[in-house]
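Hi there,

Here is the structure I promised to pass along. Have a look at it first, and my notes follow underneath.

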Amino acid sequence: MIVRAADASDIEDLLAINEAAVPAVNSLSADELGDLIAMSARTLVAERDGRPAGFVLCLDETADYDSRNFLWLRRNFERFFYVDRVAVSPDARGLGLGEMLYRALVAEIGPEGAKSGAPLTCEVNERPPNPGSLRFHKRHGFLEVGRQDHGDKAVVYLARELYPAPASAAENA
C-alpha cells in the first residue's frame with residue numbers, strides 16, 4: 001500500500017469511498033468533492049492494489065468553506081489544519097489505512113504546523129454516534145476542545161499538536 005497526493009482521476013473512486021462511509025461523513029456530489037479537494041491544504045489517497053482504498057482531506061483556516069464545523073473551528077482557532085473527512089473503503093477497513101493516512105498527513109503538514117503553532121483538528125459525531133472514530137482520535141493524541149449540538153446531529157471537536165507526535169504514532173512510524 002502506498003499513500004500519495006490525490007489527483008483529478010481519483011474523483012470517482014473517492015466519491016464511492018465517501019458515500020460508503022455515510023453517515024460517519026456527509027454525502028457529497030462529485031462536484032462538491034472536487035471543490036473540496038481543490039481548496040484543501042492536502043488530500044492524500046491510500047492505494048491498495050493500484051486503486052484508491054481510502055483518503056484523508058485536510059483544509060486549513062484559509063479555505064472558503066461554509067461547513068458549520070469548519071466555521072466553529074475558524075471562530076475558535078486563529079490557525080488550524082482541519083481533517084474534514086477520512087474514509088476507507090469497506091473492503092479495506094481494519095487494515096490500518098486510517099492510521100497510515102494520518103501518519104502521512106502529519107509528516108506533510110507537521111513542519112508547517114509546528115512553525116505556525118496550528119493544531120490538527122477534526123470533529124467526530126456523537127449523534128449519530130461514531131465511537132470507533134472517537135477512540136481512534138483519542139488514541140492518536142487528540143483532546144476535546146469543544147462540543148456543539150446542531151439539532152440533527154451533535155459533534156465533539158478534537159485537536160492535537162502536530163509535533164511532537166504522540167508516542168503511539170511515533171512508535172508506529
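**What turned up**

The protein chain has 6 helices and 7 strands. Please keep in mind that this is a predicted model. Starting at the N terminus, the order of elements is β-α-α-β-β-α-β-α-β-α-β-β-α.

On overall shape, the C-alpha trace spans about 40 × 40 × 30 Å along its principal axes. The radius of gyration is 15 Å, which agrees with the value near 16 Å that a compact globule of 173 residues would have.

You may like the pocket. The largest one has a volume of about 850 Å³. Its lining is made up of 37 residues, and Ala-24, Val-25, Val-86, Asn-130 and Ser-133 are the closest to its centre. The elements that contribute two or more residues to this lining are α3 (68-76), β4 (81-88), α4 (97-116), β5 (120-127) and α5 (131-139). Of these, β4 provides the largest share, with 7 residues. Sorted by class, the lining holds 18 nonpolar, 11 polar and 8 charged residues.

Then there is a helix pair to look at. The axes of α1 (residues 11-20) and α2 (residues 30-39) come within 10 Å and cross at roughly 105°, so the two helices are roughly perpendicular to each other. On the α1 side, Ile-11, Leu-14 and Leu-15 make the contact, while α2 brings in Ala-30, Leu-33, Gly-34 and Ile-37. By class, this contact has 6 nonpolar residues, 1 polar and no charged.

Happy browsing, and best wishes!

Terms used. Residues numbered from 1 in each chain as written. Predicted model: local features only at pLDDT ≥ 70, side-chain atom pairs only at ≥ 80, totals over all residues. Heavy atoms only, no water. 1 Å grid on protein atoms, 1.4 Å probe; cavity = no way out; pocket = protein on both sides within 12 Å on 5 of 7 lines; lining within 4 Å. Points joined across faces, edges and corners; volume = space filled by probe spheres on them. Helix = DSSP H or I, 4+ residues; strand = E, 2+ residues; numbered from the N terminus. Nonpolar A, V, L, I, M, F, W, Y, C, P; charged D, E, K, R; others polar. Axes fitted to C-alpha atoms, helices over the stretch in contact; angles between N-to-C directions. Parallel < 35°, antiparallel > 145°, perpendicular 65-115°, else oblique. Contact = heavy atoms within 4.5 Å. Rg over C-alpha atoms; globule rule 2.2 N^0.38 Å.
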